[in-house]
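Visitor: Could you take me on a close look at the salt bridges here, and at what surrounds them? I would like one connected account rather than a list.

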Amino acid sequence: MSITFVTTGVCDAIRQTKATEKDVNIIGSALTTPLCLRKGLVDELQVDRVP
């Protein structure tokens, strides 16, 4: 396994990962998820409600 650190932001990290044709999961952030939606980086959205 290799680890790559991206210091230029979430959008760049997602773009770099998608360029390798790997899946990207964003879990839980109320700031990150809308940002990725606005930037067109989301192909699928799953919403879970927890009481």
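**Salt bridges and their surroundings**

Guide: Let's begin with R15 and D12, whose side chains meet in a salt bridge at 3.7 Å, N to O. Please keep in mind that this is a predicted model. Both partners belong to helix α1, which covers residues 10-19, and because they sit three residues apart there, about one helical turn separates them. As for their surroundings, R15 is partly exposed, with a relative accessible area of 42%, and D12 is also partly exposed, at 30%.

Now move along to K18, whose side chain forms a salt bridge with that of D43, with 3.4 Å from N to O. Here K18 lies in helix α1 while D43 is in the segment after α2 (32-38), so this pair ties together parts that are 25 residues apart in sequence. K18 counts as partly exposed, at 31% relative accessibility, whereas D43 is exposed, at 70%. With that pair the tour of salt bridges is done: a search of the whole structure finds two.

Helix α1 has another residue to show you, and it leads to the cysteines. C11 is buried, at 12% relative accessibility, and C36 is buried as well, with a relative accessible area of 0%. Are these two joined, or apart? The sulfur of C36 is the nearest cysteine sulfur to that of C11, yet it is 5.5 Å away, and C11 is in no disulfide. A disulfide needs the two sulfur atoms within 2.5 Å, so the pair does not qualify, and the count for the structure is zero disulfides.

Stepping back gives these details a frame. The chain has two helices and zero strands, and its C-alpha trace spans about 35 × 25 × 20 Å along the principal axes. Of its 51 residues, 10% count as buried. The chain exposes about 4,900 Å², and carbon and sulfur atoms supply 53% of that area.

Finally, have a look at the pockets. The largest holds about 640 Å³ of space and is lined by 18 residues, with V24, N25, I26, E44 and L45 nearest its centre. Its lining is made up of eight nonpolar, four polar and six charged residues. The second largest pocket holds about 200 Å³, and its lining consists of S2, I3, T4, V6, Q16, T17, T20 and K22. By class, that lining has two nonpolar, five polar and one charged residues.

Technical notes. Residues are numbered from 1 along each chain as its sequence is written. This is a predicted model: local features need pLDDT of at least 70, side-chain atom pairs count only at pLDDT 80 or more; totals for chains, interfaces and linings use all residues. Side-chain values use heavy atoms; hydrogens and water are left out. On a 1 Å grid over the protein atoms alone, a cavity is a set of points where a 1.4 Å probe fits but cannot get out, and a pocket is an open set with protein on both sides within 12 Å along at least five of seven lines; lining residues have an atom within 4 Å of a point. Grid points are joined across faces, edges and corners, and a volume is the space filled by probe spheres set on the points. Ala, Val, Leu, Ile, Met, Phe, Trp, Tyr, Cys and Pro count as nonpolar, Asp, Glu, Lys and Arg as charged, and the others, Gly among them, as polar. Buried means under 20% relative accessible area, exposed over 50%, partly exposed in between (1.4 Å probe, protein chains only). Helices (H or I, at least four residues) and strands (E, at least two) are DSSP runs, numbered from the N terminus. Accessible areas come from the Shrake-Rupley method with a 1.4 Å probe; for residues, only the protein chains shown count as cover. A salt bridge is a side-chain nitrogen of Lys or Arg within 4 Å of a carboxyl oxygen of Asp or Glu.
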